[in-house]
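Let's take a walk through this structure, starting with its overall build and then stopping at two spots on its surface.

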Amino acid sequence: MDILTIIISGIIGIAAGFIIAKIIEKSNISNLIKNAKKEAASILKDANLEAENIKKDKILQAKEKFIELKSEHEQVILARDKKVAEVEKRTRDKESQISNELSKAKKVNDDFEKKTAEFEAKIEVLDKKQAEVDKLHKSQLQQLELISGLSAEEAKEQLVEGLNN
């Protein structure tokens, strides 16, 4: 063999080795890419799963916080409702008390007006009787003056003289 054949065979061998190396390298790169894609898909799947778990956890935390806040709010509302009910009860009690006192005052006022009317009626009757008594007294004095022949002044003077003696 001659040198040229050896060189050509060497070049062909090197070229074939290079091609085979490239094919093997391409195959390895292809496998690496496939493995990288699989690993990336696995990482993405795990990340999505973890994100979903975190999302569910946050939603659960938000629901728990909402329930807690709602409970606190309901307690505040119940406390306010209780205070309002107490104030309303006190108001109703005061209104009832005032109504009772007003009723008593009205009754006392009605009794007073009734007694005042009775008193005024009695005063009127007494005034009429006094007028009658005065009229009768005057009439009797006139009769006595007529019977005795003396005036009321003269009769008084005689009576005083009789007492002094």
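Helices here are DSSP runs of H or I with at least four residues, numbered from the N terminus. One residue that sits in such a run is E68, found in helix α1. Keep in mind as you look around that this is a predicted model.

Now zoom out. The protein's secondary structure comes to two helices and zero strands. Its radius of gyration is 66 Å, well over the 15 Å that the globule rule gives for 165 residues, so the protein is more spread out than a compact globule. You can see that in the C-alpha trace too, which spans about 210 × 25 × 20 Å along its principal axes.

So how much of the protein is buried? Buried residues make up 0% of the 165 residues. The accessible surface adds up to about 15400 Å², and carbon and sulfur atoms account for 62% of that.

Next, the two surface spots. I3, L4, I6, I7, I8, I11 and I12 form a nonpolar patch, with about 690 Å² of accessible area together. Take I6 from that group: it belongs to helix α1, which covers residues 3-148. I6 counts as partly exposed because its relative accessibility is 47%, and partly exposed means between 20% and 50%.

Further along, D57, E64, E68 and E72 make up a negative surface patch. Here we meet E68 again, partly exposed with a relative accessible area of 39%.

As for charge across the whole protein, there are 30 positive and 31 negative side chains, and the centres of the two sets lie 15 Å apart.

Technical notes. Residues numbered from 1 in each chain as written. Predicted model: local features only at pLDDT ≥ 70, side-chain atom pairs only at ≥ 80, totals over all residues. Heavy atoms only, no water. Patch = residues over 30% accessible without salt bridge, like charges linked within 9 Å, V, L, I, M, F, W, Y side chains within 5 Å. Areas by Shrake-Rupley, 256 points an atom, 1.4 Å probe, with all protein chains shown as cover. Salt bridge = Lys/Arg side-chain N within 4 Å of Asp/Glu carboxyl O. Buried < 20%, exposed > 50% of the residue type's maximum accessible area, 1.4 Å probe, protein only. Lys, Arg positive; Asp, Glu negative; His and termini not counted. Charge placed at Lys NZ, Arg CZ, Asp CG, Glu CD. Rg over C-alpha atoms; globule rule 2.2 N^0.38 Å.
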